[in-house]
Amino acid sequence: MLWVNLPKISFVIDIHLLKYLESIITDNRKSTFEKVLNNRTRHFTVVLEDIYQKHNTSAVVRSCDIFGIQDIHIIENKYNSYVSNQVAKGSQKWIDFHEYNTEEYNTDTCIDALRNNGYQLIATTPHNDSCLLKDFDISKKSAFVFGVEKAGVSDRMMAEADGYLKVPMVGFTESLNVSVAAAIVLNDLTTRLRDSAIDWSLSEEEKNEKRLDWCKKTINNVDQIIERYHIDNQKIS
């Protein structure tokens, strides 16, 4: 699967259309949506910088969905990113992707976008005096950056990072596979986040945006259904 650039999220939602589409899906599906939405967060986000092995990208996407991370940011300076549905298990359907691949050096574009949205940049690396996972302060909005296999996070990202994070290791091996590292970090930090008093949940506007998006992704022939909905509403008005 090739990534597609997503438009900037707009929270101007047609509530009547949302309610109409919700009337089509099953109660069980709506219940599942609500359960997932109540555990979704944008307090934390994930950045993948030049990950070239699709099974690693796919596994991180799957972990983001499992641990409630709504957004993932993909930097493509050297390599194009792909998702394997066999590994991701369809999780990419429910996550918002933000791609940075149109500039000469896309890392700076991603850094600016994240900072403009209030995130601190946390580079994951075992090779310096990083903060240990158990000591990380979860109170700030944070973007966790995972770098290319072997080389890790770029020098540019390391220089711009607001902090560094590592998973403690006691074996001979000096680093974790990037997808394993991401899963460990997200499991620990999102668990702590949900047990805290921090306001980490999506806003109601954000939830409505995802309800509408997920309804559209669930219903067969949804474009025709929406077209008919608008035609019928025009007749009434």
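This is a walk through a predicted model, from its sheet to the helices that pack around it.

Start with the sheet. It is open and has seven strands, in the order E3-E2-E1-E6-E4-E7-E5. The pairing is parallel. Two strands sit at the edges: E3, residues 96-100, and E5, residues 131-132. Each of these pairs on one side only. For E5, the partner is E7, residues 163-166, and two parallel bridges join them. Within this pairing, Leu132 stands opposite Lys166 of E7.

Now add helices. H3, residues 54-66, lies across three strands: E1 (44-49), E2 (71-75) and E3. The helix runs at about 175 degrees to E1. H5, residues 106-116, also lies across E1, E2 and E3, and across E4 (120-124) and E6 (142-146) as well. The angle between H5 and E2 is about 155 degrees.

H3 also has a helical partner. In general, the packing of two helices is described by the angle between their axes and the distance between the axes. For H3 and H7 (residues 178-194), the angle is about 10 degrees and the axes are 8 Å apart. The two helices are therefore roughly parallel, since angles under 35 degrees count as such. On the H3 side, the contact involves Asn56, Ala59, Val60, Ser63 and Cys64. They meet Val178, Ser179, Ala182, Ala183 and Leu186 of H7. Cys64 is buried, because its relative accessible area is 0%, below the 20% cut-off.

Turn next to H8, residues 204-218. Is its length what a helix of 15 residues should give, or not? At 1.5 Å a residue, the expected span is 21 Å. The end C-alpha atoms are 21 Å apart, so the two values agree. Many residues of H8 are listed as buried, among them Glu206, Lys210, Arg211, Leu212, Trp214 and Cys215. Their cover includes helix H1 (15-22), helix H2 (27-37) and strand E3.

One residue of H1 shows a link to H8. Glu22 is found in H1. Is Glu22 buried or exposed? Its relative accessibility is 13%, so Glu22 counts as buried. Beyond its neighbours within four places in sequence, Glu22 is in contact with Lys30, Arg211 and Cys215. Cys215 is itself buried, with a relative accessible area of 1%.

That leaves the cysteines. How many disulfides does the structure hold? The number is zero. Cys64 and Cys215 are both buried.

Definitions and conventions: Residues numbered from 1 in each chain as written. Predicted model: local features only at pLDDT ≥ 70, side-chain atom pairs only at ≥ 80, totals over all residues. Heavy atoms only, no water. Pairing = 2+ DSSP bridges. Helix = DSSP H or I, 4+ residues; strand = E, 2+ residues; numbered from the N terminus. Contact = heavy atoms within 4.5 Å. Axes fitted to C-alpha atoms, helices over the stretch in contact; angles between N-to-C directions. Expected span 1.5 Å × (residues − 1). Buried < 20%, exposed > 50% of the residue type's maximum accessible area, 1.4 Å probe, protein only. Disulfide = S-S within 2.5 Å. Parallel < 35°, antiparallel > 145°, perpendicular 65-115°, else oblique.
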